[in-house]
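Visitor: Before we discuss any terms, may I see the sequence and the model?

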Number of protein chains: 2
Amino acid sequence: MSEKNPVKKQTIEVCLSPQLLEHFNCEESIVVVIDVLRATSSICVAFENGAERIIPVSSVTESMTFKQLGFLVGAERNGEMIEGFDMGNSPFSYMGDHIMGSSIALTTTNGTMAINAAKNAHRVVIGSFLNLDALCEWLKEQHENIICLCSGWRNMFNLEDTLLAGAVVERLTSEFRFSSNCDSAIAARYLYQLAKSDLYGFLSNSSHRQRLERLHIEKEVEYCLTPNQTNVVPVLHGDFIVNQIILEESK
Amino acid sequence: MSEKNPVKKQTIEVCLSPQLLEHFNCEESIVVVIDVLRATSSICVAFENGAERIIPVSSVTESMTFKQLGFLVGAERNGEMIEGFDMGNSPFSYMGDHIMGSSIALTTTNGTMAINAAKNAHRVVIGSFLNLDALCEWLKEQHENIICLCSGWRNMFNLEDTLLAGAVVERLTSEFRFSSNCDSAIAARYLYQLAKSDLYGFLSNSSHRQRLERLHIEKEVEYCLTPNQTNVVPVLHGDFIVNQIILEESK
C-alpha cells in the first residue's frame, strides 16, 4: 500500500520531574507545564477572572519588587500563603473583582520553578484539569511535538500532575496523527484511565494530598480536580503568561 | 486502644531515575537496584550459575584492566555486546560452566551506573523478576527502610523497571509493618497490578522493548520477565557484588 504525502506524526511525551527535562528536546516542542495542586490551577482561575498578565518569579524577594510596581502578588511556600502578600496559592483567592485587569507576580514551591525550567521551550502553555479540553483543542491546532512537564514536589514524582499528563495523552493519542512511545506517557495514560472515574478518591493516599490535608483545603483540592471549568489557554509570551485566546483575538 | 511497644513501620519508596536519587535518604536505607532489561537479570543468572563475585565498573576502559587481571568481562553499550569481551548483557551468556567460580567485571549502559549511584546507601541489593520472591523474603528479614531504584534508560523513566518496583511494593506492603505514602511507589504498584497477568504483553509498546526488538532478543526479554527462576540475593559488599546467601552461610 503506497501512501502519498503521509502525515508526519506528532509525538507526545511526559517528563515526570523538572530535573529530568534536560533529556527532552524542548527547543522544538510545546511544553505543557502542570502543577495541579495548585499553581497552574490558580493561573487558569486568574485568567478566567480577567487577569491581564502573570509573571512567574522564582523568589519571594523578587516578587516584593513587583508589589512595589503595583502588581498583585501571590506567594506560597510549602503549601501556605506568605504574610503580607495579596494571594496565596488557593485558586479561590484568584476569583473576584480585584483580579479583573490585574497584573500578578506569582511564586510557588514547584509550579513557577517548572515554568522557569521550561523557558527554553519553543512554546510554554499552562495546563490544569480546569482548562483540560480547551488546552487539548489548542494543542491539536498547533501541529507541533508536545512535552507534558509535571512539576512534582521538589523535583520528585507526584501523582496528580501525572494524572493530568495522562489525560492529555489520552485525548491527543485518540487522534491518529499523535504518537507516543515514551514510557512515561504510556504509564501516565494507564494511571489516568484507572483514576478518571474518581480522581479525588484515587488521590486520597497520595503524598501531596496528605500534605495538603493538614492545611484544611479539601474544597480547593476537589475544585482543582474538576475538569473544564474554563476555556482559557494561558501561554508564556516573553516574560509574561497571558491568555492565548485574548492574544489571538487582539491580533 | 492502647498499644505497648508499637512496631515502627518501615517505609518503602520508589525512585524512578538514578538522577533523582539525591532526594532520597539512601544512607539509612537498603537500595534495591533494578535494571530488568538486562543488567540486574544477568547478575542474578551469573550467581545462579556459580559466579563468585561481580564488580560493576563504569567504563569500558576500566573493564579492560580487569580482563588483564583474569576476570571475565561483560560489557554492553546501547543494548549490544562490545567486541573482544567475554559476555554482553544477555542473561543467557551468564549460563554455563565458564561462570562457575568466576570473577566478573560488568559494565552496562544503565545498570552498573545505577549501582554506582547507590554506593552511599546503607546497603545495596540487586533485584530482578528472576529473584523476586527471594529478594522480598530477604528484604522482610532486614527491618530497614527500602528504596527501589529504577535504572531507567539514560536517566529517563522506563516501564519494566517500574513494574518490578511495583511488584516489590505489592509484596512488602501486604505485610502490616511496611508503609508507603511515596507517590512513585503508589504509581508503580498500580502499574504492576495492571500488568502482572501478562508482563510481556503489557510491555509490548514500551520504548525499551521496541529498542530491543531491533536486536532480535525476544527470548531474552521473555526470560527476564519470568519471576522466580533463582533464589540468589546479590548484595554489594565493598566494591564487589556477592551472593548474600553464600555470604551468610560462610559466616
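Visitor: What makes helix H4 (residues 132-142) of chain B count as mostly covered?

Guide: In this predicted model, eight of the eleven residues of H4(B) are buried. A residue is buried under 20% relative accessible area, exposed over 50% and partly exposed in between (1.4 Å probe, protein chains only). The buried ones are Leu132(B), Ala134(B), Leu135(B), Cys136(B), Trp138(B), Leu139(B), Lys140(B) and Gln142(B). The helix itself is a DSSP run (H or I, at least four residues; for strands, E, at least two), and such elements are numbered from the N terminus.

Visitor: On what conventions do these statements rest?

Guide: Residues are numbered from 1 along each chain as its sequence is written, while chains are lettered from A and ligands numbered from 1 in the order in which they are written. As the model is predicted, local features need pLDDT of at least 70 and side-chain atom pairs count only at pLDDT 80 or more, whereas totals for chains, interfaces and linings use all residues; side-chain values use heavy atoms, with hydrogens and water left out.

Visitor: Why is His143(B) called exposed?

Guide: The relative accessible area of His143(B) is 56%; the limit for exposed is over 50%, and therefore the term applies. His143(B) follows H4(B) and is found in the loop between H4 and strand S8 (145-150) of chain B.

Visitor: What is notable about phi of His143(B)?

Guide: Phi is near 55°, a positive value in a residue other than glycine. Most residues other than glycine have a negative phi, and most peptide bonds are trans. On chain A, Asn155(A) also has a positive phi, near 70°. Asn155(A) has a relative accessible area of 26% and is partly exposed.

Visitor: How do you know that the peptide bond from Leu37(B) to Arg38(B) is cis?

Guide: The omega value is near 10°. In chain A, a cis peptide bond joins Leu37(A) and Arg38(A), with omega about 10°.

Visitor: What makes Glu220(B) and Arg38(B) a salt bridge?

Guide: The N to O distance is 2.7 Å. A salt bridge requires a side-chain nitrogen of Lys or Arg within 4 Å of a carboxyl oxygen of Asp or Glu, so the pair qualifies. Both partners are buried, Glu220(B) at 10% and Arg38(B) at 4%.

Visitor: Why, then, is Asp35(B) not credited with a salt bridge?

Guide: The nearest side chain of opposite charge, Arg38(B), is 7.9 Å away, and the limit is 4 Å, so the definition is not met. For charge, Lys and Arg count as positive and Asp and Glu as negative, with His and the chain ends not counted. Asp35(B) is nevertheless buried. Leaving aside neighbours within four places in sequence, Asp35(B) is in contact (heavy atoms within 4.5 Å) with residues including Thr40(B), Ser151(B) and Asp161(B).

Visitor: How do you know that Tyr94(B) is buried?

Guide: The relative accessible area of Tyr94(B) is 1%, and the bound is under 20%, so the label holds. A polar atom of the Tyr94(B) side chain lies 2.8 Å from the backbone oxygen of Gly88(B). A polar contact is a pair of N or O atoms within 3.5 Å; within protein, one must be able to donate a hydrogen and the other to accept it, and residues adjacent in sequence count only if both atoms are side-chain atoms.

Visitor: Why is Lys140(A) called buried and Glu137(A) partly exposed?

Guide: Lys140(A) has 14% relative accessibility and thus counts as buried; Glu137(A), at 44%, counts as partly exposed. Their side chains meet in a salt bridge (3.4 Å, N to O). Being three residues apart in helix H4 (residues 132-142) of chain A, they are separated by about one helical turn.

Visitor: What does the interface between chain A and chain B amount to?

Guide: The chains bury about 2300 Å² between them, 66% of it on carbon and sulfur atoms. Buried area is the accessible area (1.4 Å probe) that two parts lose on being put together, summed over both. Contacts involve 28 residues of chain A and 28 residues of chain B. Across this interface the rule finds zero salt bridges, whereas seven residue pairs are in polar contact (both at pLDDT 80 or more).
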